[in-house]
Amino acid sequence: MRLVVARCSARYTGRLSAHLPLATRVLLVKADGSVLLHSDGGSYKPLNWMSPPCSLAVRAPEEEAVSRGVSEVWAVQHAKSDDRLEIELHEVLHDSSHDLGVDPGLVKDGVEAHLQEMLAAQIELLGSGHTLVRREYPTAIGPVDILAKDADGATVAVEIKRRGDIDGVEQLTRYLELLNRDPLLAPVRGIFAAREIKPQARVLATDRGIGCLVLDYDAMRGVDDVESRLF
């Protein structure tokens, strides 16, 4: 990645026209070819940018531009359209390149896979006497997140979501309909578990005889001090 801090102006032409007047900005040239202009504000979003595939050509300014103080011109042309970003650099304050290597990508905390793993390890959260049968119990329409037995030996199917909405209840309903056809499992009751359950989803689940369980992610991973809570 090339990182440049410069006093510059820019003009974008193509599907739209936009102009950035002269100011100090951060210019990023990424390994994928994208070019972005950032200001010291506006959160994460760049003021203007060109996404790949595109090419960057650097040229000397014409006499008229030199008279305005331009020292270098960046012409960024998109490969599949007429979109063009032209940046006039007046003064370069910083210019460096850095090899960032391969990024592993964003690993989200508290996603369904983590919740499933932790709930399987803490199956007693479903109620006293519950035991785990298996995770990812296979069915003809997809795997059930958790299959368990309650204290009386009855089968329990658990669908886990990060945010529980009506679609999740509908999904669990389809699993229950299929599982209850198996005489070795029936009767099977359902539990809809999520970090947050929408009111409409709770109403629908209750109407269908499905239990709801709100998962306290911090408590499950042992970082929430329950005794120090005010409420």
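Me: Hi! Which residue in β3 is the bridge partner of Leu-28?
Reply: Leu-28 has Leu-36 of β3 as its bridge partner. Keep in mind that this is a predicted model.

Me: Good to know. How do β2 and β3 pair, parallel or antiparallel?
Reply: They pair in the antiparallel sense. Strand β2 covers residues 18–29, strand β3 covers residues 35–38, and 4 bridges link them.

Me: What's the strand order in the sheet of 7 strands?
Reply: The order is β4-β3-β2-β1-β7-β6-β5, in an open sheet with antiparallel pairing. At the edges are β4 (48–50) and β5 (54–59), each of which pairs on one side only. Ignoring direction, neighbouring strands in this sheet are turned by 30° against each other on average.

Me: What's in the loop between β4 and β5?
Reply: Pro-53 is found there. A cis peptide bond joins Pro-52 and Pro-53, with omega about 5°.

Me: Where's the other cis bond, the one with omega near 0°?
Reply: That one runs from Ala-186 to Pro-187. Pro-187 sits in the loop between α3 and β11.

Me: Changing topic: what volume does the largest pocket have?
Reply: About 220 Å³. Its lining has 13 residues, and those nearest the centre are Tyr-12, Arg-15, Leu-16, Asn-48 and Trp-49. The elements giving two or more residues to that lining are β2 and β4.

Me: Now the sheet of 5 strands. What's the order there?
Reply: This open sheet runs β8-β9-β10-β11-β12, and its pairing is mixed. β8 and β12 (211–214) stand at the edges with a single partner strand each, so one side of each has no neighbour in the sheet. From one strand to the next, the twist averages 30°.

Me: Which strands there pair in the parallel sense over 4 bridges?
Reply: β11 and β12 do. As an example from that pair, Phe-192 has Cys-212 in β12 as its bridge partner.

Me: And how many bridges join β8 to β9?
Reply: There are 5, and the two strands run antiparallel. Arg-134 is matched with Leu-147 of β9 as its bridge partner. The hairpin of β8 and β9 has 6 residues between the strands, and Gly-142 in this hairpin takes a positive phi near 125°.

Me: What about the hairpin of β9 and β10?
Reply: That hairpin has 5 residues between its strands, and Gly-153 in the turn has a positive phi of about 85°. β9 pairs with strand β10 (residues 155–164) in the antiparallel sense over 4 bridges. Leu-147 turns up again here, with Ala-157 as its bridge partner in β10.

Me: Why is β9 described as largely enclosed by the rest of the structure?
Reply: Because 5 of its 6 residues are buried, where buried means under 20% relative accessible area.

Me: Which residue other than glycine has a positive phi near 50°?
Reply: Glu-136. This residue lies in strand β8 (residues 131–137).

Me: Is Glu-136 buried or partly exposed?
Reply: Glu-136 is partly exposed, with a relative accessible area of 34%.

Me: Let's look at the helices. What does α2 lie across?
Reply: α2 lies across β8, β9, β10 and β11, running at about 145° to β10. Helix α2 spans residues 112–121, and its buried residues are Leu-115, Gln-116, Met-118, Leu-119 and Ala-120. What covers these buried residues includes β8, β9, β10, β11 and α5 (217–220).

Me: And α4, which strands does it lie across?
Reply: α4 lies across β10, β11 and β12, at about 170° to β11.

Me: Last topic: which residues touch the most other members of the largest nonpolar core?
Reply: Ala-157, Val-169, Leu-179, Phe-192 and Ile-210, out of 18 residues in that core. The elements giving two or more residues to the core are β9 (144–149), α3 (166–179), β11 (188–197) and α4 (199–207). Of these, α3 gives the most, with 5 residues.

Me: What is Leu-179 in contact with, leaving aside its neighbours within four places in sequence?
Reply: Its contacts are Tyr-137, Thr-139, Val-144, Leu-147, Ala-157, Leu-185, Ala-186 and Val-188. You've already met Leu-147 and Ala-157 as bridge partners.

Methods
Residues numbered from 1 in each chain as written. Predicted model: local features only at pLDDT ≥ 70, side-chain atom pairs only at ≥ 80, totals over all residues. Heavy atoms only, no water. Core = buried A, V, L, I, M, F, W, Y, C linked by side-chain atoms within 4.5 Å. Buried < 20%, exposed > 50% of the residue type's maximum accessible area, 1.4 Å probe, protein only. Contact = heavy atoms within 4.5 Å. Pairing = 2+ DSSP bridges. Axes fitted to C-alpha atoms, helices over the stretch in contact; angles between N-to-C directions. 1 Å grid on protein atoms, 1.4 Å probe; cavity = no way out; pocket = protein on both sides within 12 Å on 5 of 7 lines; lining within 4 Å. Points joined across faces, edges and corners; volume = space filled by probe spheres on them.
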